[in-house]
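Here's a quick briefing to read alongside the coordinates. Have the viewer open and follow along.

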Amino acid sequence: MNYILLICYKYRGTPTRAAQYPATNEAVNYDVKTFGSSLPVKVMEALTMAEAEDQLTVRIDERGWAWLVCGEKLIIWKIGQTAVAKPVSFRIVRGTPTRAAQYPATNEAVNYDVKTFGSSLPVKVMEALTMAEAEDQLTVRIDERGWAWLVCGEKLIIWKIGQTAVAKFSVCKELQLPPSEFSCLADLVAISCQSSAGDVAPVQAISVMAVSREGTARYWPSLAHEGSYSDTAVDLCGNLSNFLIALKGSGFVLSSSKNHLVRLGPDSSGKLQQRTLQQGQGVLSGIGRRVSSLFGMLATPTDVTLHSMLWDKEKDCLYTLTSSNVNKWEVDENSERQVFSWDISRILKENISDAIWGSESNYEEIKAGVNVKYLDLQLGQDGLVILAAAWHPRDTPCVAYYSLVTVEDQGSPMSDELSVEVTKYNPPFQSEELLNCQFVLPRFSGQAAYLFNEELVFACSTGTGRGAVPEEKIPFSFPGDRLLGAGCCADLPVFFSRNSGLLAVVARESASILPEDMEDSLSSSVTGAAVEATLLESSSRMETIAQEDKTTILKAAFLRFCRRDILGAQSMVDEIFPPDSDLDADTELDRTVTQVSVDLVDDYPSSDPRWAESVPDETVGFSHTSLILLHQLEDKMKAHCFFIDFLHQVGLFERLGTAQVRGIPQATRLLLCEHGEKLSAAIVLKNHHSKLPDLVNAGILIALNKKGTDIPLSLTPADVFFREVSQIDSIFECFLVEEERVLKEVHVETVEWAQIVVDLNNIIKDMLQAAGQYRQTQASRYQNADSSKKEPEYIPWTVSLGQYQWAAALAEKYCDFDILVQLCEQTDNQSRLQRYMTKFADQAHKTLYALANTETRYFAKKKTLLSLSKLAALASDFPEDLVQEKVEEIAEQECFLLHQETLPKQLLDEKQLIPDTMPLLTAHNLINLYICDENRRANEYDFKKALDLLEYIDQEEVDIEALKCDIFCKALQRDDWSSSDGNDDPIEAAKDSIFIKILQKLIKEGISLKEYLPDVKDLLQSEELERLLAKSYFEFVLRANYEHYQELQM
């Protein structure tokens, strides 16, 4: 009986495992029960191999460690925690390794730790590993739902991975693989979950399929009944199978090495059915090679090799990576449709070659000899990620450059815009057959990727994110050890080592990107006893964490982010704000994020010894390094930007809603932007403070006195005022008070009278411009990804009546029309703007036209600015020919806006677009709206507008002819054409169709149909007309009308 035993009172705090020691039967008041998880395999082996007379001694440490002395061996292990032990660590929910044992590779790694993952391996797995010979082929697969399986000879062992050190109930099943002359692979095993419960689904809901290399499929309908299965021979056209994946429901797809795909699944009787996936039958099936090549969609060659297969469970899409193509299928319960087959042989090779050898002087010569092999395919946050290895045989030395290529799947055709990240992993090239690297891409790791083979893991970046992931090779080539497989579990990269079992690679905490004192202060603020207790609470307790505790934990997560521990930060965030939380929880999220941001911009500079007695004891803040006010503000700006990046990285920014600001609701993202704007304004004000200390100090004193703020003897008024950046706007009204005081005391004709007006005008102008410039240049940082998300009306913090009356008076006095326009925009005062236009007509046109050209967000605003600019030009003193030129320029832009202004009301309602608030749409957006199915009343005028909009499209970005073809296809679909059947005259039969009415309008405008219309063959080959082409009479009518109307113009 090889256990650690716990003696306890009966019925009080008993351990989680139920096994009892025999002594319990003789005891009255005490139970003796097994304690902790199963013993490590090395301990069990030592106990098994020891003779009865051998001296064995054990010591158990109160900190949770134990050690066994057996002969010349000392075995030390961490005891699994139980219900009576200390609560589990905070990061368990995200699957951060809970067992402290570290793999030897950790000693050689700088930026990463390799730790054991989950609970101890099941006994069956340990036995299989122990009994296997060194040369036996063992393969492992780790599933993101928390399952793993080991293929060892004719055995398949499937088990549920324990996410904690103590697995209360561990599922482990041993299944018999179908007979085969070849060794089976873990890649040819897949599990399917019949329950919506996902990773907590009962074992009864898990079905399993395993396929031999020759193609014998064995299917277990339920993992709970390992003896109940059926076999089916799968037709792979004589090729060996290489991958098996599970689809939604109970279906599977099996692939061969030669790109033959078969869909498998049980019918109602439980019998396995199979169906070959037809390739080349998708969107562009049937079109000629010349046309299909325009879309990068050539017919699939027969000599290709399939390297990877991927299932996107979010979109029900299947992807395959071959030696020449990326293929995509849309899959539903009963059918599958190939969406595209993207020829990657040219575009990827060119981009990879350019990224590696592009700087060489003889690049054109080198490029011809470059070889590229595609190895693996994964789905990342920014699109599909392809692992490729490139080499040039004439390089000395010849090395293999491993690269990660990211391309966004925007449908067909695939975009040629892609990202190539050449990793620092470039081992010597030996042969193409030995290029067998794969990679894992944890879903929430941002751009972190982990390449691996049997001997190593290479941590690197996809190159598509904001930050940099440290690149490093982590060796696993220790004696008798190798990696048997990998996968993602609990959003961590998990690898299976033959010697050590499940291992997770986690980023080691490194130097923070925050200033040193700021880092130290933040660290001390989140490691106190109260915070420690909060972090160690169980998940049930986390639901009722106090608001201040969540604020502290979010700060702690931000600290981890700044130390580049992205995974640690993510797990802490997900613990307090789970991704599937309800709206009320997200309201709390807004409050917490707002509080941390305010604490950040209003932080006390505790590194300044003068503040030592003034910093509140309860303040949990971010200490700044500098004693200089300006540098403190700049440090706050850096930290604020890091905080926004942090919110994006951990997925909180997109979940932000609204917060109460100045008594009204406001989008939280805009409040965060406001903090950045105020920091920008504060930095400008501090610069003016250095130049005009008396004037700025006078305003500061008024502001502090109005709030009743005490100024400690060791500090200056400026120290106190600039510390609280969130209230920086209070200075504006105070400047007005100071100006009025000076103007009353000084004669109007003196230099002092004019000087204070000029100085204050410059200060307020510079502060407003700094805030506005930050709002514009940093807009993408605070952008709402979901444009359909409704938000309260935004009232900028700069809108203050007193402030604007004063600023407007100054601007009028000095004819500063730029400021006057900004003031009218901020206060939405159109009548005042009209008055200024009359008074400053010449300058007004220039300013308004510039503002109109930079407006890219709101349609109504751009239209208004153009109209006002035209009125100002007409009222100006410009020469008549210059006025005409400017009016024509504006009229051209207004002509484009007219297409958006005349969108049908029914369509706007359908799309939930409000004319006064809808965004400014591009020409491509407008075309799609005019021809979309939701525009149910579309007529020839709508389609003609869509065609007119083609002239506003950049030909270098969009295939104009293809888009034109789409427009005509949509127009043809608007008519049924069935009424034409039996009509002997095709011209008469089609005369009332929208398509013919469009042709008539084109003829009326003098447009040559022969040059303008798409080739009729291109129309007839479009899949969009598939329904109409089923009627043979349709093609006859279309060709006849093409011929008729083109001849009319001859």
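What follows is a short lead, then bullet points by topic.

Keep in mind that this is a predicted model. The protein has 1050 residues, and 50% of them count as buried. There are 33 helices and 35 strands to find your way around.

**Overall numbers**

- The protein exposes about 50,400 Å², and 49% of that comes from carbon and sulfur atoms.
- Take the contacts between residues at least 6 apart in sequence: 59% of them join residues at least 24 apart.

**The sheet with strands 11 to 14**

- Four strands make an open sheet here, in the order 11-12-13-14, with antiparallel pairing.
- Strand 11 and strand 14 (230–233) sit at the edges with a single partner strand each, so one side of each has no neighbour in the sheet.
- From one strand to the next, the twist averages 20°.
- How many of the residues of strand 11 (residues 189–193) are buried? The count is 5 of 5, so to speak a clean sweep by the buried cut-off of under 20% relative accessible area.
- Both faces of strand 11 are covered, with Val 189, Ile 191 and Cys 193 buried on one side and Ala 190 and Ser 192 buried on the other.
- Strand 11 pairs with strand 12 (residues 206–211) in the antiparallel sense, over 5 bridges.
- Within that pairing, look for Ser 192, which stands opposite Ser 207 in strand 12.

**Strands 15, 16 and 17**

- All 5 of the 5 residues of strand 16 (residues 252–256) are buried, so the rest of the structure largely encloses this strand.
- Phe 252, Leu 254 and Ser 256 are buried on one side of strand 16, and Val 253 and Ser 255 are buried on the other, so to the eye both faces are covered.
- Strand 15 (residues 241–246) runs antiparallel to strand 16, and 5 bridges join the two.
- Which residue of strand 16 is the bridge partner of Phe 243? It's Ser 255.
- Strands 15 and 16 form a hairpin with 5 residues between them, and Gly 249 in the turn has a positive phi of about 85°.
- On to strand 17 (residues 261–266): strand 16 pairs with it over 4 bridges, in the antiparallel sense.
- Here Val 253 stands opposite Arg 263 in strand 17.
- Strand 16 and strand 17 also form a hairpin, with 4 residues between them; the residue with a positive phi in this turn is Asn 259, at about 70°.

**The sheet with strands 19 to 22**

- This open sheet has 4 strands in the order 19-20-21-22, and the pairing is antiparallel.
- Its edges are strand 19 (306–312) and strand 22 (336–343); each has a single partner strand, so one side of each goes without a neighbour in the sheet.
- The twist averages 15° from one strand to the next.
- Strand 21 (residues 325–331) and strand 22 pair over 7 bridges in the antiparallel sense.
- Trp 329 stands opposite Gln 338 in strand 22.

**Ser 353 in helix 4**

- Ser 353 belongs to helix 4 (residues 347–357).
- Is Ser 353 buried or exposed? Its relative accessibility is 0%, so Ser 353 counts as buried.
- A polar atom of the Ser 353 side chain lies 2.7 Å from the backbone oxygen of Lys 349.
- Setting aside neighbours within four places in sequence, Ser 353 is in contact with Gly 358, Tyr 363, Lys 367 and Val 370.

**Thr 856 in a loop**

- Thr 856 has its place in the loop between helix 21 (841–854) and helix 22 (859–875).
- With 61% relative accessibility, Thr 856 counts as exposed.
- Thr 856 and Pro 919 are 63 residues apart along the chain, and their C-alpha atoms are separated by 8.2 Å.

**Helix 27**

- Helix 27 (residues 960–973) has 14 residues, which at 1.5 Å a residue should span 20 Å; the end C-alpha atoms are 20 Å apart, so the two agree.
- Asp 959 caps the N-terminal end of helix 27, with a side-chain oxygen 3.2 Å from the backbone nitrogen of Glu 961.
- The buried residues of helix 27 include Ile 960, Leu 963, Ile 967, Phe 968 and Leu 972, and Lys 964 is buried too.

Technical notes: Residues are numbered from 1 along each chain as its sequence is written. This is a predicted model: local features need pLDDT of at least 70, side-chain atom pairs count only at pLDDT 80 or more; totals for chains, interfaces and linings use all residues. Side-chain values use heavy atoms; hydrogens and water are left out. Buried means under 20% relative accessible area, exposed over 50%, partly exposed in between (1.4 Å probe, protein chains only). Two strands pair if DSSP finds at least two bridges between them. The expected span of a helix is 1.5 Å times one less than its number of residues. A polar contact is a pair of N or O atoms within 3.5 Å; within protein, one must be able to donate a hydrogen and the other to accept it, and residues adjacent in sequence count only if both atoms are side-chain atoms. Contact means heavy atoms within 4.5 Å. Accessible areas come from the Shrake-Rupley method with a 1.4 Å probe; for residues, only the protein chains shown count as cover. Axes are lines fitted to C-alpha atoms, for helices over the stretch in contact, and angles run from 0 to 180 degrees between N-to-C directions.
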